[in-house]
Amino acid sequence: MNKSMLTRVGLFLVWLGILITWDRYRQPRFRAGDKAPDFDVALLDGRTAHLSDLHGKYTLLQFWGSWCGPCRAENPALLNIYRHYGTQGFEIFSVAIERNPESWRRAIRQDGINWPYHTMEQDDFNGRLTRMFNVKSIPTTLLLDPEGTIIGVNLAPEQIEKTLSERLAGR
């Protein structure tokens, strides 16, 4: 091998290491098979809620933001899933990462996301829940089974729909 080839291989390995490190950095703390920790929050309507309030239901824990284009683009698909499975044992618990509470409220109205579990953190990615779940980018989602065990991380809406279809059939 000549020096030029060794340099290219070395640069490729450095680049690969950076990609792997970045990917791990962005992953939520919990993975499929882990139990999601419980937490309590104030909801949009002022009530206090715990994640454990949703035990017995499949739950999508969604980290998003009104300013996040991919998050907003995903909301219509999640709304369709909620409309179809919300009466069959499925719930969505949204955690918004925001700087402006009014932008958050407006996005909820504009997108028509009518599930009842909406909360907001104003500390960017330093909020209590984003730290607890190690959320570094959004959208981030965790799909929980009725016992609160994570069964999917960052699933596409189509995968969420497929999982719910299989697991809620006959309910």
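User: What share of the 171 residues in the chain is buried?

Analyst: Buried residues make up 42% of them. Keep in mind that this is a predicted model.

User: And what does the chain look like in terms of secondary structure?

Analyst: There are five helices and seven strands. Going along the sequence, the pattern reads α-β-β-β-α-β-α-β-α-β-β-α. As for contacts with a separation of 6 or more, 72% of them are between residues 24 or more positions apart.

User: Let's look at H3. Which residues of H3 are buried?

Analyst: H3 runs over residues 101–111, and its buried residues are Trp 104, Ala 107, Ile 108 and Asp 111.

User: How do you know that these residues are on the same side of H3?

Analyst: Look at the arc: they cover only 100 degrees around the axis, so they sit on the same side of H3. Over on the other side, Arg 109 and Gln 110 are exposed.

User: What covers the buried residues of H3?

Analyst: The cover includes strand S3 (58–64), helix H2 (69–85), strand S4 (90–97) and strand S5 (117–121).

User: What makes Asn 100 a cap for H3?

Analyst: One of its side-chain oxygens lies 2.8 Å from the backbone nitrogen of Glu 102. A polar contact needs an N or O pair within 3.5 Å, and 2.8 Å fits that, so Asn 100 caps the N-terminal end of H3. Just after H3 comes Gly 112, with a positive phi of about 65 degrees.

User: Why is H2 called oblique to H3?

Analyst: The two helices pack at an angle of about 50 degrees, with their axes 10 Å apart. Roughly parallel would need an angle under 35 degrees, and roughly perpendicular covers 65 to 115. About 50 degrees falls in neither range, so H2 is oblique to H3. The crossing of H2 and H3 is right-handed.

User: Which residues meet where H2 and H3 pack?

Analyst: From H2 you have Arg 72, Asn 75 and Leu 79; they meet Ala 107, Gln 110 and Asp 111 in H3.

User: Over to the loops. Why is Asp 124 called partly exposed?

Analyst: Its relative accessible area is 29%. Buried means under 20% and exposed means over 50%, so at 29% Asp 124 counts as partly exposed. You'll find Asp 124 in the loop between S5 and H4. Its phi is near 50 degrees, a positive value in a residue other than glycine.

User: What makes Asn 154 partly exposed?

Analyst: Its relative accessibility is 34%. Set that against the cut-offs of 20% and 50%, and Asn 154 lands in between, so partly exposed is the right label. Asn 154 sits in the loop between strand S7 (150–153) and helix H5 (157–168). Asn 154 isn't a glycine, yet its phi is positive, at about 55 degrees.

User: How do you know whether Phe 39 is buried or exposed?

Analyst: Its relative accessible area is 3%. That's under the 20% cut-off, so Phe 39 is buried. Phe 39 is in the loop between helix H1 (3–26) and strand S1 (40–42). Leaving aside neighbours within four places in sequence, its contacts include Ala 49, His 50, Leu 61, Phe 93 and Met 132. As for His 50, Phe 39 is 11 residues away from it in sequence and 5.4 Å away in space, C-alpha to C-alpha.

User: What makes the peptide bond from Ile 138 to Pro 139 cis?

Analyst: Check omega: it is near 0 degrees for that bond. Pro 139 lies in the loop between helix H4 (128–133) and strand S6 (140–144).

Conventions
Residues numbered from 1 in each chain as written. Predicted model: local features only at pLDDT ≥ 70, side-chain atom pairs only at ≥ 80, totals over all residues. Heavy atoms only, no water. Buried < 20%, exposed > 50% of the residue type's maximum accessible area, 1.4 Å probe, protein only. Helix = DSSP H or I, 4+ residues; strand = E, 2+ residues; numbered from the N terminus. Arc of directions from axis to C-beta. Contact = heavy atoms within 4.5 Å. Polar contact = N/O pair within 3.5 Å; in protein donor to acceptor, adjacent residues only side chain to side chain. Axes fitted to C-alpha atoms, helices over the stretch in contact; angles between N-to-C directions. Parallel < 35°, antiparallel > 145°, perpendicular 65-115°, else oblique. Left-handed = near helix turned anticlockwise from the far one by under 90°.
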